[in-house]
Amino acid sequence: MGLCESTLPQMGRALRPQEKDVLKSPLIIFVVGGPGCGKGTQCRNMASKYGFCHVGLGQLLREEAQRRTPRGRQIRDIMQQGRLVPTGLILDMISDNLLSRPESRGFLIDGFPRELEQAKEFERIVGRAPNIVMGFDCSMETMVRRVLRRGQVEHRADDSEPAIRKRLETHYTLCEPVLTFYQQKNLLRNRLNSRYFLRLAQHEGSRFWKEKDVRHRMREGLPQHEGDPSTPGGRCSLTKPIKYRNQ
């Protein structure tokens with residue numbers, strides 16, 4: 001896909017057995033959704049409230065793109081064009097980040113996986129699947145508006161309107177197989193409104209996040225809860241399959 005990608009790793013490095021052992025215990029939650037859907041904000045809120053580590057893939061890539069190195073320039077060029085950075089580099093960045101925090105009880109990995117190959121490569125390299133995958137969604141025009149405003153405030157070169165629309169086009173094309181992959185594994189939870197999870201967690205209190213309870217409930221699938229006024233009929237469900245709305 002061009003000279004700028006040719007020198008970036010296409011496959012992630014294999015982890016040593018002892019590195020895989022380190023990553024067997026912590027909870028790993030993938031959070032997927034288009035740019036500007038609110039996943040980063042909610043991940044930061046959840047990480048702060050419940051003591052998880054927030055691994056923001058977009059932030060990691062932007063930090064790398066700002067480096068005055070050949071790799072940094074290549075990543076910056078790819079991001080400004082709204083294309084995906086090669087899977088190998090993504091996997092290396094994520095695994096290195098997880099391994100650097102062996103004491104963490106859990107990770108919220110924001111913006112990953114972005115395509116099916118990344119999902120499969122994570123399991124091959126790390127030797128396990130995530131505990132749960134959460135999908136955030138809102139309308140395309142809302143995402144465009146939010147990201148344009150963010151670009152103005154934060155002066156982010158990859159938040160120009162042509163790049164945003166290219167990223168959204170890429171996201172909707174590549175994300176559907178990812179959602180199907182995790183739905184078939186019974187790991188996908190629907191997040192049509194980014195406030196549901198936070199309200200649910202606040203309603204449950206700290207008991208929900210005691211580790212044994214978390215592991216059990218994430219394996220079994222989160223149940224429905226009454227009384228959330230933001231959902232039709234006051235009901236919040238995280239168990240129905242997600243359907244992205246390309247509006």
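The protein has 11 helices and seven strands, as seen in a predicted model. Of its 247 residues, 56% count as buried. The protein exposes about 12,000 Å², and carbon and sulfur atoms supply 50% of that area. The chain also brings together residues from separate parts of the sequence: among contacts between residues at least 6 apart in sequence, 77% join residues at least 24 apart.

A good place to look at such packing is helix α9, which spans residues 161–184. Its axis and that of helix α7 (residues 116–126) come within 8 Å and cross at roughly 40°. Because of that angle, α7 is oblique to α9. On the α7 side, L116, A119, K120 and E123 take part in the contact; they meet L174, P177, V178, F181 and Y182 of α9. In character, the residues of this contact divide into seven nonpolar, no polar and two charged.

Y182, one of the α9 residues in that contact, deserves a closer look. With a relative accessibility of 1%, Y182 counts as buried, since the cut-off for that class is under 20%. Leaving aside residues up to four places away in sequence, Y182 touches F30, P113, A119, E123, P130, V133, L187 and L188. Of these partners, A119 and E123 also belong to the α7 side of the helix contact. Y182 and A129 offer another view of the fold: they are 53 residues apart in sequence, while their C-alpha atoms are 9.5 Å apart in space.

P113, a contact partner of Y182, has a backbone feature of its own. The peptide bond from F112 to P113 is cis, with omega near -5°. P113 is found in the loop between strand β3 (106–110) and helix α7. A second backbone feature is found at N186, in the loop between α9 and β5 (188–191). N186 is not a glycine, yet its phi is positive, at about 60°. N186 counts as partly exposed, with 46% relative accessibility. For context, most residues other than glycine have a negative phi, and most peptide bonds are trans.

A second helix pair can be set beside the first. Helix α4 (residues 57–65) and helix α5 (residues 70–80) pack at an angle of about 125°, and their axes are 7 Å apart. The two helices are therefore oblique to each other. Helix α4 contributes L61, R62, E64 and A65 to the contact, and α5 contributes R71, G72, I75, R76 and M79. Here the residues divide into four nonpolar, one polar and four charged. The α7 and α9 contact, by comparison, has seven nonpolar, no polar and two charged residues.

Finally, the cysteines are worth a note for anyone thinking about sulfur chemistry. A disulfide is a covalent bond between the sulfur atoms of two cysteines. The structure holds zero disulfides. For C37, the closest cysteine sulfur is in C138, at 5.9 Å, which is too far for a bond, because a disulfide calls for sulfur atoms within 2.5 Å. C37 is buried, with a relative accessible area of 3%. C53 also counts as buried, at 15% relative accessibility.

Definitions and conventions. Residues are numbered from 1 along each chain as its sequence is written. This is a predicted model: local features need pLDDT of at least 70, side-chain atom pairs count only at pLDDT 80 or more; totals for chains, interfaces and linings use all residues. Side-chain values use heavy atoms; hydrogens and water are left out. Buried means under 20% relative accessible area, exposed over 50%, partly exposed in between (1.4 Å probe, protein chains only). Axes are lines fitted to C-alpha atoms, for helices over the stretch in contact, and angles run from 0 to 180 degrees between N-to-C directions. Helices (H or I, at least four residues) and strands (E, at least two) are DSSP runs, numbered from the N terminus. Angles under 35 degrees count as roughly parallel, over 145 as roughly antiparallel, 65 to 115 as roughly perpendicular and the rest as oblique. Contact means heavy atoms within 4.5 Å. Ala, Val, Leu, Ile, Met, Phe, Trp, Tyr, Cys and Pro count as nonpolar, Asp, Glu, Lys and Arg as charged, and the others, Gly among them, as polar. Accessible areas come from the Shrake-Rupley method with a 1.4 Å probe; for residues, only the protein chains shown count as cover.
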